Amino acid sequence: MCDVAHGPPKIFVYKSGKQVYTGEHTRGGAHLAMAYKLAITTVKWGVGKTTIAQNLAGALAEVGQKILLVDLDQQGNLSSVFLDNIYRLPLTLYDLITDPDIPTGEVIHRTSFENIDILPANLELSRVEFQLVGDNDAQFYVADKLKEVDDYDLIILDTTPNSGLMTISALVAANGVMIPVECQEWAARGSAYVLDLISKVERRANPPLRLLGYVINRYDRRRKLEESYREALLENHGPLVFQTMIRNSVKYPEAVSVRRPITAYQPKSEQAQVFRVLATELLQRAFAQVETAASRESTKGGKHVQARKI
Ligand SMILES: Nc1ncnc2c1ncn2[C@@H]1O[C@H](COP(=O)(O)OP(=O)(O)OP(=O)(O)O)[C@@H](O)[C@H]1O
Ligand SMILES: [Mg+2]
């Protein structure tokens with residue numbers, strides 16, 4: 001477990017088994033040699049997908065990682081945090097997906113936070129599913145459009161709480177998946193469904209896709225049942241559970257209402273520190289995945305073989 005109660009967390013990043021960066025979450029740090037795409041996905045609504053995207057972006061941007069947020073949810077919650085009046089945007093993800101002539105760069109908006117850009121969505125996105133019915137390539141459009149951008153360290157995809165086209169599109173585009181879970185029975189069932197979805201996408205559309213891990217959100221140790229679900233999750237998935245847990249705190253909805261990542265809203269709070277530690281853990285896992293895939297590839301004499309585990 002990460003202890004965040006005693007001073008700022010140390011940031012450790014490893015590359016090829018060597019520690020390449022240590023610090024107390026200051027500017028600088030190691031960068032992935034690619035725009036790593038992280039999908040934050042589960043079919044359960046309200047478990048913290050958008051909260052995690054919003055606050056991870058803040059914590060990563062703070063240490064100089066260049067972040068592109070992609071809002072694949074017609075609710076536009078993530079877009080509303082970072083942009084004014086999302087219903088007046090000239091171009092959104094909907095336009096990008098439905099008009100092959102629009103370059104991705106034209107739909108990316110700068111935010112008022114350094115190192116955070118966003119590709120926004122609003123209710124218009126709800127039309128896309130019907131509009132692309134029968135189009136066998138529909139699930140590849142987001143992935144194709146994101147290939148046009150390479151000046152980001154991480155691209156974070158916030159998905160909808162269902163298994164429709166936008167969630168599939170995120171999985172087809174992603175390198176890794178983070179599954180937020182609450183320690184409750186129905187949440188566990190929801191994540192089993194996502195696992196099935198991930199393996200279907202991995203088998204056909206996106207073989208390099210990997211599950212980076214489960215992140216426990218809204219944890220409240222005082223609730224006995226939650227503790228036993230947490231133990232069950234650790235028993236079943238072990239290292240696939242992120243060590244950093246996000247506790248239940250009113251500061252997260254507060255950060256939404258002031259439209260800032262928690263690291264900007266209350267930089268010294270325990271809640272901000274948790275996201276810095278989570279960001280570090282995420283970078284370590286992403287580095288490990290990229291390194292493993294690269295070394296497998298090189299030991300197979302250049303034959304493209306993907307790592308099975310991160
Ligand atoms: N750790 C937390 N502590 C307290 N409130 C939280 C926490 N995480 C999320 N919330 C709150 O729970 C609500 C749902 O969170 P969020 O919107 O991030 O979930 P979501 O999975 O993106 O939802 P949806 O499925 O609708 O997209 C929000 O009001 C958010 O502020
Ligand atoms: Mg959401």
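This section describes the fold, the central sheet, a helix pair, the ligand surroundings and selected residues of a predicted model.

The protein contains 11 helices and 9 strands, and 47% of its 310 residues are buried. Among contacts between residues at least 6 apart in sequence, 74% join residues that are at least 24 apart.

Seven strands form an open sheet, in the order β5-β6-β4-β7-β3-β8-β9 and with mixed pairing. The edges of this sheet are formed by β5 (109-110) and β9 (210-216), each of which pairs on one side only. Helix α6 (residues 165-173) packs on the sheet, where it touches β3, β7 and β8, and its direction makes about 150° with that of β3.

Strand β3 (residues 36-40) lies between β7 and β8 in the strand order, and 5 of its 5 residues are buried. The side chains of this strand are divided between two directions, with Y36, L38 and I40 pointing one way and K37 and A39 the other, and all of these residues are buried. The pairing of β3 with strand β7 (residues 154-158) is parallel and extends over 5 bridges, I40 having D158 as its bridge partner in β7. With strand β8 (residues 176-181), β3 also pairs in the parallel sense, here over 3 bridges, and A39 stands opposite V177 of β8.

Elsewhere in the sheet, strand β6 (residues 116-119) is covered on both faces, since I116 and I118 on one side and D117 and L119 on the other are all buried. Strand β4 (residues 67-71) runs parallel to β6 and is joined to it by 4 bridges, with L69 of β4 facing I118 as its bridge partner in β6. The pairing of β5 with β6, by contrast, is antiparallel and consists of 2 bridges, and in this pairing H109 stands opposite I118. The residue I118 thus appears as the partner of L69 and also stands opposite H109. Strands β5 and β6 form a hairpin with 5 residues between them, and within the turn N115 has a positive phi of about 75°.

Among the helices, α1 (49-62) packs against helix α11 (residues 270-299) at an angle of about 80°, and the two axes are 9 Å apart. With angles of 65 to 115 degrees counting as roughly perpendicular, α1 and α11 are therefore roughly perpendicular to each other. The contact is made on the α1 side by N55, L56, G58, A59 and L60, and on the α11 side by F275, R276, L278, A279 and L282. Classified by residue type, this contact comprises 7 nonpolar, 2 polar and 1 charged residues.

Helix α1 also takes part in the surroundings of ligand 1, as α1 and α9 (251-257) each supply at least two residues of the shell around this ligand. Of the 19 residues around ligand 1, those that come nearest are W45, T50, T51, P161 and P253. The shell divides into 7 nonpolar, 9 polar and 3 charged residues.

Two further residues outside the β5-β6 turn were examined for their backbone conformation. Most residues other than glycine have a negative phi. N85, which is not a glycine, nevertheless has a positive phi of about 40°, and this residue is placed in the loop between α2 (77-82) and α3 (93-98). Because N85 has 8 C-beta neighbours inside 10 Å, it counts as exposed. R218 likewise is not a glycine and has a positive phi, of about 55°, and its place is in the loop between β9 and α8 (224-237). In R218, however, 21 other C-beta atoms lie within 10 Å, so that this residue is buried.

Finally, E202 belongs to helix α7 (residues 185-204) and, with 18 C-beta neighbours inside 10 Å, counts as partly exposed. When residues up to four places away in sequence are not counted, E202 touches P207 and L209. The C-alpha atoms of E202 and L171 are separated by 8.5 Å, although these two residues are 31 residues apart along the chain.

Methods: Residues numbered from 1 in each chain as written. Chains lettered and ligands numbered in written order. Predicted model: local features only at pLDDT ≥ 70, side-chain atom pairs only at ≥ 80, totals over all residues. Near = placed C-beta within 6 Å. Nonpolar A, V, L, I, M, F, W, Y, C, P; charged D, E, K, R; others polar. Axes fitted to C-alpha atoms, helices over the stretch in contact; angles between N-to-C directions. Parallel < 35°, antiparallel > 145°, perpendicular 65-115°, else oblique. Contact = placed C-beta atoms within 7 Å. Buried ≥ 20, exposed ≤ 12 C-beta atoms within 10 Å, placed from the backbone. Pairing = 2+ DSSP bridges.
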